[in-house]
Structures are given as structure tokens and as C-alpha cells.
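Please open the model in your viewer, with a cartoon for the backbone and sticks ready for side chains. The tour below proceeds by selections, each followed by what is to be found there.

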Amino acid sequence: MTYFIASLITFIFTTVLTIAGVGAAFILIPVFVALGVPLLTAMSTALLLNSIAMAVASFYNAKAGLIVYKTALPILIFAALLSPVGAITAEHLSRTLLLWLFVGFLIFAGSMMLWYKPKKREISEHKKLIIYGVGVGGFAGYVGGLLGVGGGNLIVPALVWLGFDPKKASATTSFIVIFSSFSGFLGHISLGNIDHNLLILCAIGSIAGAVLGNYLMRKKLSAPQVKKVIGVVLYIIAAKMIWDLIK
């Protein structure tokens with residue numbers, strides 16, 4: 001019964017977060033733990049579910065031409081390069097202070113998604129797309145490594161702020177999350193932390209949620225509505241981090 005509940009919760013959160021292009025692991029891990037799943041098993045399962053859901057979403061996004069590969073690939077490379085530098089820097093700073101600063105950033109970015117209206121512009125210049133990817137990847141990698149968090153919630157608002165269509169920002173971030181989550185999963189699977197029954201049932205919920213969330217993003221929601229969903233998701237992440245910091 002517990003695994004069916006976990007699968008239903010996975011479906012609900014994956015549906016909402018796929019619209020924003022952000023993986024659901026940050027919410028699923030504490031939910032799984034609350035249901036009695038060991039922490040390391042919860043982490044490895046949630047990271048793999050991230051990759052599965054974003055791979056399904058990216059399949060449809062690629063067919064719709066929403067993924068900006070010229071920006072996504074530099075983000076992947078420079079995020080991987082700068083993440084260790086952020087982790088080294090973090091050793092010399094207060095983690096609590098850093099997390100509070102990140103909460104402030106999430107609230108700022110969420111507010112920007114809800115109320116800021118960037119100038120409409122079509123970014124098609126090859127060189128500019130790569131430069132944006134290098135900048136966003138370096139920023140997300142360094143800050144992600146500094147704080148020990150995933151970069152998706154940094155990449156989406158940064159791309160929208162640079163003028164990307166919110167749907168393309170969501171789709172491009174989804175594509176990136178496939179690899180960042182899968183690399184994290186490989187680190188955990190080497191320790192043998194997998195419950196196959198939990199994984200199979202939650203994978204069903206994850207795939208169904210990704211299909212529904214992606215359909216809503218591409219077919220039912222306008223770009224401004226997707227932008228608002230991203231803003232709400234960033235607020236939810238900030239609220240969870242505040243809860244973790246003060247409990």
C-alpha cells in the first residue's frame with residue numbers, strides 16, 4: 001500500500017514540475033522518507049525518476065522543436081566544470097548562510113517569473129546562444145556546487161531573464177536535468193541503494209506525470225502561464241528550504 005501511495009504522489013508532483021522543467025526529486029526524497037523508505041534508497045530512486053520523467057518530456061519537446069541544444073550543451077559542460085569549484089568554495093563558508101542566500105534568490109526569481117515581463121526577442125544568433133549557455137552553465141554549476149543543490153531551479157529563471165521563451169526555457173532545462181540527475185543516480189546505485197518494487201511503481205507514476213505535464217505545457221498553457229507555473233514552483237522550493245532550515 002505504501003508503494004502505491006508513493007506512486008500516486010510521484011504522479012502528482014511530476015505532473016506539476018514537468019510543466020516548469022524542474023525535476024521532482026527535491027520533493028520526493030522527503031516524501032519517500034516520511035513513508036518509511038531509507039534515505040539513501042529514497043535519494044537514488046528520486047534521482048532516477050528525475051531522469052526518467054525528463055527523458056519522456058524531452059522526447060516530446062524535441063519533436064516540438066522546443067529544446068535549444070546550442071545553449072543546453074554549453075550549460076551541461078560548464079556546469080560540470082564549475083560545480084566542483086563551488087563545492088570547494090563551500091568548504092570555507094557557512095552552509096546555513098549560503099542556503100538562506102539561496103532562499104532569497106529563489107524568492108526573487110519566483111517573483112520575477114510571476115510579475116516581471118521581459119522584452120520579447122527571438123534569440124537565434126549562434127554565437128549568442130553559446131555564450132548564454134556558457135554563462136548560465138557556469139553560474140548554475142558554481143552555485144549548485146556551492147549549495148549542494150540541483151541546477152534546474154537556477155537555469156530556468158536565468159534563461160527566461162535572458163529573453164528565452166518560457167516553454168523553450170522549460171524544455172531546455174528538462175533536457176539538462178536528464179544528465180545531471182542520472183550522474184547523481186549512478187553515484188548512489190554503486191552503493192546498491194535501490195528498491196526495485198518501489199522503483200517500478202513510482203516509474204509508472206513518473207512517466208504518466210511527465211506525459212501529462214508535458215502535454216499541458218505544450219498544448220494547453222500559454223508561455224505567460226508556463227512562466228507563472230515556474231514562479232510558483234520556485235516559491236515551493238523556497239518554502240521547503242525554509243522549512244528544512246528552521247525545523
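Begin by selecting residues 39–60, a stretch that is 100% helix and 0% strand, with its end C-alpha atoms 32 Å apart. Keep in mind throughout that this is a predicted model. The unreviewed UniProt entry carries the annotation "transmembrane region" for residues 39–60, and for 7–33, 67–85, 97–117, 129–149, 198–217 and 229–246 as well. If you now select 198–217 from that list, you will find a span that is likewise 100% helix and 0% strand, and the C-alpha atoms at its ends lie 28 Å apart.

**Helix 3**

Extend the selection to residues 39–63, which make up the whole of helix 3, with 25 residues. From first to last C-alpha, helix 3 reaches 36 Å, close to the 36 Å expected at 1.5 Å a residue. Step just past the end of helix 3 to glycine 65, whose phi is positive, at about 70°.

**Helix 2 against helix 3**

Next, add residues 25–34, which form helix 2, and look at how helix 2 packs on helix 3: the angle is about 145° and the axes are 9 Å apart. The crossing of this pair, helix 2 with helix 3, is right-handed. To see the side chains involved, show Ala25, Leu28, Ile29, Phe32 and Val33 of helix 2, which meet Leu39, Ala42, Met43, Thr45, Ala46, Leu47, Leu49 and Asn50 of helix 3. The residues of this contact comprise eleven nonpolar, two polar and no charged ones.

Staying on helix 2, colour its buried residues, namely Ala25, Ile27, Leu28, Ile29, Val31 and Phe32. Glycine 36, just after helix 2, also has a positive phi, in this case of about 100°.

**Threonine 10**

Now select threonine 10, which belongs to helix 1, residues 2–20. Is threonine 10 buried or exposed? Its relative accessible area is 0%, so threonine 10 is buried. Apart from residues up to four places away in sequence, threonine 10 touches Leu28, Phe32, Leu49, Cys202, Gly205 and Ser206. Of these, Leu28 and Phe32 appear in the contact of helix 2 with helix 3, as does Leu49 from the helix 3 side.

**Helix 9 against helix 3**

Select residues 196–220 to bring up helix 9, which packs with helix 3 at an angle of about 35°, their axes 8 Å apart. Here too the crossing, that of helix 3 and helix 9, is right-handed. From helix 3, show Thr45, Leu48, Leu49, Ile52, Ala53, Val56, Ala57, Tyr60 and Asn61; these meet a set of helix 9 residues that includes Leu198, Cys202, Ser206, Ala210, Asn214 and Arg218. Sorted by class, the residues in this contact of helix 3 with helix 9 are 15 nonpolar, four polar and one charged.

**Tyrosine 60**

Within helix 3, centre the view on tyrosine 60. With a relative accessibility of 28%, tyrosine 60 counts as partly exposed. Which residues is tyrosine 60 in contact with, once neighbours within four places in sequence are left aside? They are Val211, Asn214 and Arg218. For a link that the sequence does not suggest, draw a distance from tyrosine 60 to alanine 171: the two are 111 residues apart in sequence, but their C-alpha atoms are 9.3 Å apart in space.

**Serine 181**

Move on to serine 181, in helix 8, residues 166–189. Serine 181 has a relative accessibility of 4% and therefore counts as buried. Beyond its neighbours within four places in sequence, serine 181 is in contact with Leu47, Asn50 and Ser51, and Leu47 and Asn50 also take part on the helix 3 side of the contact with helix 2.

**Leucine 114 and proline 224**

Select leucine 114 in helix 5, residues 95–115. Leucine 114 is buried, at 15% relative accessible area, and touches Lys228, Gly231, Val232 and Tyr235 when residues up to four places away in sequence are not counted. Finish in helix 10, residues 223–246, at proline 224. Proline 224 counts as exposed because its relative accessibility is 53%, where exposed means over 50%.

Methods. Residues numbered from 1 in each chain as written. Predicted model: local features only at pLDDT ≥ 70, side-chain atom pairs only at ≥ 80, totals over all residues. Heavy atoms only, no water. UniProt positions renumbered as here; feature names shortened; annotations may be inferred. Helix = DSSP H or I, 4+ residues; strand = E, 2+ residues; numbered from the N terminus. Expected span 1.5 Å × (residues − 1). Buried < 20%, exposed > 50% of the residue type's maximum accessible area, 1.4 Å probe, protein only. Contact = heavy atoms within 4.5 Å. Axes fitted to C-alpha atoms, helices over the stretch in contact; angles between N-to-C directions. Left-handed = near helix turned anticlockwise from the far one by under 90°. Nonpolar A, V, L, I, M, F, W, Y, C, P; charged D, E, K, R; others polar.
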